[in-house]
Structure formats: C-alpha cells, structure tokens
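Colleague: Before the terms used for this model are accepted, I should like to hear the reasoning behind them. Please take me through the structure and justify each description in turn.

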Amino acid sequence: MSSVPRIHVAADFTVGGDVVLPEGPAHHLARVLRLGEGAPVRLFDGAGREAQARLVEAGRKRVVARIESVETGHRESPLTVHLGQAISKGDRMDYAIQKAVELGVAAITPLYTEHGDVRLKGEREAKKLAHWQAVAISACEQCGRAVVPTVLSPRALSEWLGERSEALRLVLHPGTGGALEHSDAPTTAALLIGPEGGLADAEVESAKAAGFAPLSLGPRILRTETAPVVALTLLQYRFGDV
C-alpha cells in the first residue's frame, strides 16, 4: 500500500497549477501527518482524473499542492452496478456504503422499505446524505478509485424500481438461485438489498415485476450490511474485474 496520501479535491488539474486543499484534508496533512513543503501527495477529482502533486505550502491555515502530472484513473470496474440499499441504523449503513465503494459500485440509492425502521426528513436527511457521500469519498481515498460513486437522495423502493433499466437486475431473496447463470456478460446491473427484517413479500413481487431476478447467497441469513459485500463480490467475480 502506498504511503503517499490520496486526497479528493473537486478542482481542475493543470500541470504546474496550484490547488488549495479543503480544510479537512489540509488539517490531516499538516497537523496530523505533519507533512511539510516538498512532501508528495496524490489528488483525485472524483470524476476520473488523478494528479501527482507536491506541497508548496503547509501552514496552519492553508495547505497548497502544486500539480506535477495528471493522468486518468484506471481502477473502475467494467461492470456498472447501481446498489439499492435499504437504510439501516447506526454504522451499518456506513459499512455497507464503504465496502460497496471498495467493490467498485457506481451509484448507491438509500431506500425506504416496509420493514425498514429509519425515516429521514428535511435537514436530517440532507445531513445523512452529506455524511454518506463523505463515507464514499473516504473509501475512494483508501482504495485507489478516482471516480467517486454518487450517493443519491433516499427514496421509496417503488420509485427506485420504476427507474431501473439495467441489463441485469437482482434482488436478494433467500431460497432461490441461478440468477448469475448468464451466458452474456452484462455491462450494467442493479442490486437490491433489503433491510434487517427482509423485504416484504409484496416488495419482492414488485421487484420481480420490474425485471429483478431473485438471488440467494446460500443457506445462512446475512446481515443487511454484509449482504452487499457478498453479492457485489460475486457480481465482480462473475462479470467484473475481481
């Protein structure tokens, strides 16, 4: 693992140009890691570009990096997966988002479901969404991705199902199998993960009506934050880059 810090900066990268780092990363580099002028850093813009840079200023209030070279990131999966994840409490949702990003997911939509017990509104929803996007950015910094997956605004499961057009659509549902036995490798996939109490029967039927095939992950019941890790690993192994 590289010891050079990777930092997400939403900026245009120009060789020879300077980038003022955001407050959080700046504090981490200058005050926590105690890096000084001349220290190398890697920057990525979240849209697929990487930059090798070097600190030219590392003060208490301002940290500036100068771009030395720019390249296109090369760690995106050939399989574009949109994850529909039922919202769960506490750190479970953070874990699911973090691991999904590490496993190459392209987009994540938090979902309200019948058995889900989390309901967010107004400012609370906005704060949660910003937090989840920050979790995704942090995961990209760690795993080497230059594209930050979008965490979309939470919505009702029925609404999300109505928007799906991916070539392969899967809903996790115990006791079924064979959903990954496709002869043609899809380039897009949608994956639906229910809450801790599982999807309601009517929700599973709605997913099937929207073209989702049931997918079983074996005889044991997985937690809602474990299920996307296993399912995404299988998808990336079968059709992606694992």
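Modeller: Buried residues make up 45% of the 242 residues in the protein chain. The model is a predicted one. The chain has six helices and 12 strands, and its C-alpha trace spans about 60 × 40 × 30 Å along the principal axes.

Colleague: Among contacts between residues at least 6 apart in sequence, what share joins residues at least 24 apart?

Modeller: That share is 70%.

Colleague: Why is helix α2 called oblique to helix α3?

Modeller: The axes of α2 (residues 91-102) and α3 (residues 122-143) cross at roughly 40° and come within 9 Å. Angles under 35 degrees would count as roughly parallel, and 65 to 115 as roughly perpendicular. The crossing angle of roughly 40° belongs to neither range, and therefore α2 is oblique to α3. The crossing is right-handed.

Colleague: Which residues make the contact between α2 and α3?

Modeller: On α2 they are Met 93, Asp 94, Ile 97, Gln 98, Val 101 and Glu 102. On α3 they are His 131, Trp 132, Val 135, Ala 136, Ala 139, Cys 140, Gln 142 and Cys 143. By class, the contact has nine nonpolar, three polar and two charged residues.

Colleague: What makes β1 and β2 edge strands?

Modeller: The open sheet has five strands in the order β1-β3-β4-β5-β2, with mixed pairing. Strands β1 (6-8) and β2 (18-20) each pair on one side only, and they are accordingly the edge strands. On average, neighbouring strands of this sheet are turned by 40° against each other, direction ignored.

Colleague: How do you know that β1 is paired with β3?

Modeller: Two strands pair if there are at least two bridges between them. Three bridges join β1 to β3 (residues 40-44), so the requirement is met. The two strands run parallel, and Arg 6 stands opposite Arg 42 in β3. Helix α3 lies across β1 and β3, at about 150° to β1.

Colleague: Why is Leu 21 called buried?

Modeller: The cut-off for buried is under 20% relative accessible area. Leu 21 has 6%, and therefore counts as buried. Its place is in the loop between β2 and α1. Leaving out residues up to four places away in sequence, Leu 21 touches Val 9, Ala 26, Leu 29, Leu 43, Leu 55, Val 63 and Ala 65.

Colleague: What makes the phi of Arg 34 notable, and is the residue buried or exposed?

Modeller: Arg 34 has a positive phi of about 60° although it is not a glycine. Most residues other than glycine have a negative phi. Arg 34 is found in the loop between α1 (23-32) and β3. Exposed means over 50% relative accessible area; Arg 34 reaches 70%, so it counts as exposed.

Colleague: Why is Glu 166 counted as buried?

Modeller: With 11% relative accessibility, Glu 166 falls under the 20% limit and so counts as buried. Glu 166 lies in the loop between α4 (157-162) and β10. Apart from neighbours within four places in sequence, Glu 166 is in contact with His 82, Thr 188, Ala 189 and Ala 190.

Colleague: What makes strand β10 mostly covered?

Modeller: Four of the five residues of β10 (residues 168-172) are buried.

Colleague: How do you know that β10 pairs with β11 and with β12?

Modeller: The threshold is again at least two bridges. Four bridges join β10 to β11 (residues 188-193), and these strands run parallel. Three bridges link β10 with β12 (residues 213-215), also in the parallel sense. Both pairings therefore satisfy the threshold. Leu 168 stands opposite Ala 189 in β11, while Leu 170 stands opposite Ala 213 in β12.

Colleague: Why is Arg 238 described as partly exposed?

Modeller: Buried requires under 20% and exposed over 50%. The relative accessible area of Arg 238 is 37%, so this residue is partly exposed. Arg 238 is found in helix α6 (residues 227-239). The C-alpha atoms of Arg 238 and Ala 185 are separated by 8.2 Å, with these positions 53 residues apart along the chain counted as their separation.

Definitions and conventions: Residues numbered from 1 in each chain as written. Predicted model: local features only at pLDDT ≥ 70, side-chain atom pairs only at ≥ 80, totals over all residues. Heavy atoms only, no water. Axes fitted to C-alpha atoms, helices over the stretch in contact; angles between N-to-C directions. Parallel < 35°, antiparallel > 145°, perpendicular 65-115°, else oblique. Left-handed = near helix turned anticlockwise from the far one by under 90°. Contact = heavy atoms within 4.5 Å. Nonpolar A, V, L, I, M, F, W, Y, C, P; charged D, E, K, R; others polar. Buried < 20%, exposed > 50% of the residue type's maximum accessible area, 1.4 Å probe, protein only.
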